[in-house]
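Trainee: Could you take me through this structure with a few questions and careful answers?

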Amino acid sequence: AKEVSQRLVDESQLKKARIHPNGILLASKTYSQGHGIKGKGEWTPVDQVVDALDEAFYLAFNHVEPTNKRILVGVDCSGSMGVNISGFPFTAAEGAAAMALSIAKVEPNFHVVCFDDQIRRVPAITPRLRLDEVLRLTSRISASGTDCSVPIQYALDNKLDVDAFVLITDNETYAGNKHVSQALKQYRERRQINTKLIVIGMTATDMTVGDPLDPGTMNVAGFDASVPQLIQEFIK
C-alpha cells in the first residue's frame, strides 16, 4: 500500500502519464466502492490508497494545459441531476461539479453559473475549492425544470464576451421557449464572436440540446475520462 500510494502522488509520473484529474476521480470512485463497474471483481479498499488517489486528483491539475479562452460553464442544478451516470460510480451532479472544478482550476478566464429554468445565485466557484465543496454549492438547488438556453441568455444580458459555453446537464431539458441553438445564434450575432458550444448530456438520452449541423457545436452523450481533453481540443 505504501509503494502504491507513493507512486500515485509522484508528480513526475502524473505529468509523464498526462492523466487528467477526472480520470483519477473515476479510478478513485471505482476503487473506493470495492468492486468494478463491469465484471465481478471485488476488493477491500485500503484507506492509504484512497487518500493517495484523492491527493493525486488535485495534484494532476498542475499538469493540465489551459486553453486560455474565455469559458462560461453552466451547471444544471436541478434535482434530476442526482441520478447516477450510466455505468459510473457517481451521479451526474458529481460529474458536473468535477468538470466545473477542472475548468476553474486550469483556465485563467472562466465563469461558472448554476441554472435550472433560471440562473440560481451561488457563492463563487473558485480554484481554491475542493470537489465536495463545489458539489455542495451546485447540486440539488431546486426542483424546477431545466432550460439549457439560460446560461447563454445570461451572458447576453450581462454583455459577457465568451469564446465557449460548456453546458453540463442530465439532458432532462424541456422548460423555456427558446432553443439553445437559437440563443447561441443570437449571442454570436450580437456579440460578434464565433462562440463555440459544448453540451455534455451525462445521461445520454435521445434529446440533442445543441444543433448537430453547427460545426461550432459539440454534443457529448454520456461521460468518460476522455471528455475533458476532447473539450479542450475542441475549444482550442
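The questions below turn to a core, a helix pair and a loop residue.

Mentor: Before we begin, please note that this is a predicted model, in which local features need pLDDT of at least 70 and side-chain atom pairs count only at pLDDT 80 or more, while totals for chains, interfaces and linings use all residues. Residues are numbered from 1 along each chain as its sequence is written, and side-chain values use heavy atoms, with hydrogens and water left out.

Trainee: Which helix gives the largest share of the largest nonpolar core?

Mentor: A nonpolar core is a set of buried Ala, Val, Leu, Ile, Met, Phe, Trp, Tyr and Cys residues joined through side-chain atoms within 4.5 Å, where buried means under 20% relative accessible area, exposed over 50% and partly exposed in between, with a 1.4 Å probe and protein chains only. Of the 52 residues in the largest one, V166, I198, I200 and F223 touch the most other members. Helices are DSSP runs of H or I with at least four residues, and strands runs of E with at least two, numbered from the N terminus. The largest share, 11 residues, comes from helix 5.

Trainee: How are helix 3 and helix 4 oriented to each other?

Mentor: Their axes, lines fitted to C-alpha atoms over the stretch in contact (heavy atoms within 4.5 Å), lie 9 Å apart at an angle of about 165°, on a scale from 0 to 180 degrees between N-to-C directions. Angles under 35 degrees count as roughly parallel, over 145 as roughly antiparallel, 65 to 115 as roughly perpendicular and the rest as oblique. Helix 3 and helix 4 are therefore roughly antiparallel.

Trainee: Is H179 buried, partly exposed or exposed?

Mentor: H179 sits in the loop between strand 4 and helix 8. At 38% relative accessibility, H179 counts as partly exposed.
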